[in-house]
Amino acid sequence: MKSYIIPGLPIIKEGDDLALLIEQRFKLQEGDILCIASTVVAKSEGRFRFLNDYTPSERAKELALALGKDARFVQAVLDESDEVLMHEPFLLVVTKFGHICVNAGIDQSNVGFDRILLLPENPSLSAEKIRERISKDCAVIITDTCGRPFRCGVAGTAVGCAGIAPLRDWRGELDIFGRTLEITQEAIADEIAAASNLLIGEGADQTPAVVFRGLNFPKSGGCLFGDRRSIPPGARVSEIHRRKDPSGCSWLGLKVFPVWSQCNCIQLQFKNQEHFRPSSSNR
Ligand code: GDP
Ligand code: MN
Ligand code: MN
């Protein structure tokens, strides 16, 4: 597999044609995987907002006070969310398109002062539109940098994709010793997004688009986000662990989230008010 950084992309404005800007700078080939940072997709879709666009509700004011955040920002997060899973020490939400992340993925970096940038409204639709506009049959993955349950540090994640299956299904295949794999579904879109993030960068690099060439990938199968409705409210972790939604997503991560304290040790917090603390030797 080879990787390429698409050079010289400008500061993206609302209405910019990302597919065109990319193809003007890079010769795509059939079967390429084009990874694009959600930031620039959102910019092209005009997802900029001013904090003054928001009038905070009482709930937003309460949450903002506890979090030490601007109530208008909190209102923006609430507006982009279907459900708040955790409200301290940060706002962990389910976005309207099903992605679980902090602050509904709203960014203030690489945006310019005073403004905030919402995630694309439906990143898989954004990916499909870009895919339709490029001249070659390529896969498109829209990435965002996210924290991960139980791990320190952030990584690139797929928030939308088109022309590639989010999951590769290994079930039914044999291991070295002939045992049939029963569970494994590999989150290939996330794996590719994480690799792309190594090249995309987080700061001033201005390299929001990356291409991978030479990787065989399934074109259909699985979904990026599971169906939360298959989990009853207040379900215990043991139960969540056993349950799978029809897409085969494990929901262990749904109600169990790490809380990063300042000293970077991890305390696990269960949404249904059960608490589990690692022993002091783990700190
Ligand atoms: P996110 O992970 O999608 O939230 O995006 P980041 O803020 O981490 O930025 C990812 C990459 O895109 C970095 O290399 C940024 O410098 C770059 N970037 C962000 N906005 C723009 C833009 O408008 N134009 C260009 N060329 N690069 C940008
Ligand atoms: Mn982001
Ligand atoms: Mn990033």
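**A five-stranded sheet and the helices on it**

Let's start with the sheet. It is open, has 5 strands in the order 1-12-2-8-9, and its pairing is mixed. Now the edges. Strand 1, residues 2-5, and strand 9, residues 154-162, each have a single partner strand, so one side of each has no neighbour in the sheet. From one strand to the next, the twist averages 30°. Keep in mind that this is a predicted model.

Next, one pair of strands. Strand 8 covers residues 139-147. How does strand 8 pair with strand 9, parallel or antiparallel? Antiparallel, over 8 bridges. To find your place there, look at threonine 143: alanine 158 of strand 9 stands opposite.

On to the helices. Helix 5, residues 123-133, packs on the sheet. Helix 5 touches strand 8 and strand 9, and its direction makes about 65° with that of strand 9.

Which residues of helix 5 are buried? Pro123, Ser124, Ser126, Ala127 and Ile130. Look down the axis of helix 5: those buried residues fall within an arc of 155°, so they line one face of the helix. And what covers them? The cover includes strand 8 and strand 9, and also helix 1 (18-23) and helix 2 (38-44).

Last, helix 6, residues 188-200. Helix 6 lies across strand 1, strand 2 (33-37), strand 8, strand 9 and strand 12 (209-213). Against strand 9, helix 6 runs at about 120°.

To recap: strand 9 stands at an edge of the sheet, pairs with strand 8, and is touched by helix 5.

How values were computed: Residues numbered from 1 in each chain as written. Chains lettered and ligands numbered in written order. Predicted model: local features only at pLDDT ≥ 70, side-chain atom pairs only at ≥ 80, totals over all residues. Pairing = 2+ DSSP bridges. Helix = DSSP H or I, 4+ residues; strand = E, 2+ residues; numbered from the N terminus. Axes fitted to C-alpha atoms, helices over the stretch in contact; angles between N-to-C directions. Contact = placed C-beta atoms within 7 Å. Buried ≥ 20, exposed ≤ 12 C-beta atoms within 10 Å, placed from the backbone. Arc of directions from axis to C-beta.
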